[in-house]
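Reader: Please give me a close look at the salt bridges in this one, and at the parts of the fold they sit on. Take your time and keep it connected.

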Amino acid sequence: MFLVLLTYTVPLEVVDRHIPAHRDFLSRNYARGAFLLSGRKEPREGGIILATADSRQALEALLAEDPFHMHGVAQYQIVQFTPTMAADALSTLVAA
């Protein structure tokens, strides 16, 4: 499991131009099961994605397809972790 922290590198008016394409990217990856949760940071300085992938390299390749990445709108920090506890509603995410 991976926590992806996005930090915007350009003013919000530039970010906003790429949001429709970024949301399409997110939707495609929710449909294929790669993304589990996402949203913007508060204050609005970036976003967060909870993702699953076979490896960090596979996730990096996937994130390279994000319009935010392709247009230099955000930087990405990837934190890999193994979930060991969860609320009941998220229990399927806990590693066996």
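Author: A salt bridge here is a side-chain nitrogen of Lys or Arg within 4 Å of a carboxyl oxygen of Asp or Glu. This is a predicted model, in which local features need pLDDT of at least 70 and side-chain atom pairs count only at pLDDT 80 or more, while totals for chains, interfaces and linings use all residues. Residues are numbered from 1 along each chain as its sequence is written, and side-chain values use heavy atoms, with hydrogens and water left out.

Searching the whole structure turns up 3 salt bridges. Let's start with Arg-56 and Glu-60, whose side chains come together at 3.1 Å, N to O. Both belong to helix α2 (residues 56–63), and because they are 4 residues apart there, about one helical turn separates them. (Helices, H or I with at least four residues, and strands, E with at least two, are DSSP runs numbered from the N terminus.) Arg-56 is partly exposed at 32% relative accessible area, and Glu-60 is partly exposed at 37%; buried would mean under 20% and exposed over 50%, with partly exposed in between (1.4 Å probe, protein chains only).

Next up is Asp-16 with Arg-44, a salt bridge at 2.4 Å, N to O. This pair ties together distant parts of the chain, 28 residues apart: Asp-16 sits in helix α1 (residues 12–31), and Arg-44 in the loop between β2 (35–40) and β3 (46–51). Asp-16 is partly exposed at 38%, and so is Arg-44, at 24%.

The pair still to come is Glu-42 with Arg-40, at 3.2 Å, N to O. Here Glu-42 is exposed, with 62% relative accessibility, and Arg-40 is exposed too, with 54%. Glu-42 also has a backbone quirk: the peptide bond from Glu-42 to Pro-43 is cis, with omega near 5 degrees. Pro-43 is in the loop between β2 and β3.

Now for the sheet. Arg-40 has Gly-47 in β3 as its bridge partner, and β2 and β3 run antiparallel, joined by 5 bridges (strands pair if DSSP finds at least two bridges between them). The whole open sheet has 4 strands in the order β2-β3-β1-β4, paired antiparallel. β2 and β4 (74–80) are at the edges with a single partner strand each, so each has one side without a neighbour in the sheet.

What do the helices do? α1 packs on the sheet, touching β1 (2–8), β2 and β3, and its direction makes about 165 degrees with that of β2. Helix α2 lies across β1, β2, β3 and β4, at about 160 degrees to β4. (Axes are lines fitted to C-alpha atoms, for helices over the stretch in contact, with angles from 0 to 180 degrees between N-to-C directions; contact means heavy atoms within 4.5 Å.)

Helix α1 also holds Phe-25, which is buried at 0% relative accessibility. Beyond four places in sequence, the contacts of Phe-25 include Phe-35, Leu-62 and Leu-63. Asn-29 is in α1 as well and is buried at 3%; beyond four places in sequence, Asn-29 is in contact with Ala-34, Phe-35 and Leu-62.
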